[in-house]
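User: I would like to learn how to read a structure feature by feature. Where should we start?

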Amino acid sequence: MKKTKLGLGWLIPGVVMVANPVVAFYDVLPDCIGYLLICVALLRLTDLNSSVADALKRFRTLIWIHIGGLLMQYYIYNVLAKEPKLNPQEIPTMVLLCAFVMAVPQIYFALPAWRDLFKGFWELAERHEGSAVFHYGKRNSNLCERMQRASGVFVILSTVLSVLPEFAVLTTFEYEVEKLPFDWYQFVWLFRVSAAMILTVLFLVWITRFIRFVLLFSRDREMMDSIEERYARDILPQSDMLSMRRLRFGIVFLII
């Protein structure tokens with residue numbers, strides 16, 4: 001029986017795009033593309049594990065949320081910034097508003113998505129007698145559990161640090177009505193650079209751990225052979241379902 005590669009390698013570029021630092025609501029690598037790559041990587045595993053399927057649903061939702069964020073980024077920096085009669089506080093206020101609005105669904109959907117993803121990897125490893133991800137650490141937790149905790153910490157800290165410097169604009173309004181003696185927004189780029197440096201360190205640490213996890217999981221050959229054989233045996237014969245999935249994915253890809 002011919003085995004089918006699962007395509008887990010797409011996880012790495014997808015996570016790099018998702019986790020890169022966002023400063024002043026400007027995302028150099030669009031997160032919507034990153035989440036799309038993650039969905040591509042997980043598409044086959046969703047047929048084999050319900051936890052991975054739950055994670056995929058949330059990642060799909062994040063694609064549409066970040067498409068909206070990308071449109072707002074374009075509006076702020078390519079449309080609003082070119083307005084001739086623009087209030088000096090209008091762009092900073094829009095940046096704060098959009099960054100905060102994006103932060104709420106980011107935490108709400110991303111936290112359980114990463115938790116379910118690593119839970120799914122754990123369940124697949126247990127079912128197919130994998131051993132690579134079951135190295136226990138000091139807290140008697142395996143690699144999947146440690147990645148769940150690390151991902152939760154990364155999502156919260158990266159989201160908060162992306163928004164926090166933008167709150168400095170609120171002191172401008174208080175300063176103008178003489179309720180505050182000092183306008184902290186004049187130092188906003190110092191705050192942004194400091195946050196970006198911390199975000200870069202967090203990014204490098206988390207992405208290194210994630211790549212290590214993916215490599216350990218995918219190089220467990222006995223487990224991967226078992227998963228691929230199960231997919232070829234149970235899923236590939238369902239040609240109608242697979243054709244509809246390719247059609248839906250193609251539509252989503254063209255929209256993005």
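Analyst: Start with Asn 142, found in the loop between helix 4 and helix 5. Helices (H or I, at least four residues) and strands (E, at least two) are DSSP runs, numbered from the N terminus. This is a predicted model: local features need pLDDT of at least 70, side-chain atom pairs count only at pLDDT 80 or more, and totals for chains, interfaces and linings use all residues. Residues are numbered from 1 along each chain as its sequence is written, and side-chain values use heavy atoms, with hydrogens and water left out.

User: Is Asn 142 buried or exposed?

Analyst: Buried means under 20% relative accessible area, exposed over 50%, and partly exposed in between (1.4 Å probe, protein chains only). Asn 142 has a relative accessible area of 0%, so it is buried.

User: What lies 2.9 Å from a polar atom of the Asn 142 side chain?

Analyst: A polar contact is a pair of N or O atoms within 3.5 Å; within protein, one must be able to donate a hydrogen and the other to accept it, and residues adjacent in sequence count only if both atoms are side-chain atoms. Here the partner is the backbone nitrogen of Cys 144.

User: What is the overall fold content of the chain?

Analyst: The chain has nine helices and zero strands. Of its 256 residues, 46% count as buried.

User: How do I judge the span of helix 4?

Analyst: Compare it with the expected span, 1.5 Å times one less than the number of residues. Helix 4 has 38 residues and reaches 55 Å from first C-alpha to last, close to the expected 56 Å.

User: Where does helix 4 bend?

Analyst: The bend at a residue is the angle between axes fitted to the seven residues ending there and the seven starting there. Helix 4 bends by about 25 degrees at Gln 106. After the helix comes Glu 129, with a positive phi near 55 degrees.

User: How many residues of helix 2 are buried?

Analyst: Ten of the twelve, so helix 2 is mostly covered. Among them are Asp 31, Tyr 35 and Leu 42. Its reach, first C-alpha to last, is 17 Å, close to the expected 16 Å.

User: How many cavities are there?

Analyst: On a 1 Å grid over the protein atoms alone, a cavity is a set of points where a 1.4 Å probe fits but cannot get out; lining residues have an atom within 4 Å of a point. Grid points are joined across faces, edges and corners, and a volume is the space filled by probe spheres set on the points. The count is one cavity of 30 Å³ or more. The largest cavity has a volume of about 450 Å³.

User: Which residues lie nearest the centre of the largest cavity?

Analyst: Val 22, Asp 27, Asp 31, His 66 and Ser 162, out of 28 lining residues. Helix 5 gives the largest share of the lining, six residues.

User: What is the class make-up of that lining?

Analyst: Ala, Val, Leu, Ile, Met, Phe, Trp, Tyr, Cys and Pro count as nonpolar, Asp, Glu, Lys and Arg as charged, and the others, Gly among them, as polar. The lining has 18 nonpolar, eight polar and two charged residues.

User: Where is Phe 182 found?

Analyst: In the loop between helix 6 and helix 7. Phe 182 is partly exposed, at 35% relative accessible area. Its C-alpha is 8.3 Å from that of Thr 172, ten residues apart along the chain.

How values were computed
1 Å grid on protein atoms, 1.4 Å probe; cavity = no way out; pocket = protein on both sides within 12 Å on 5 of 7 lines; lining within 4 Å.
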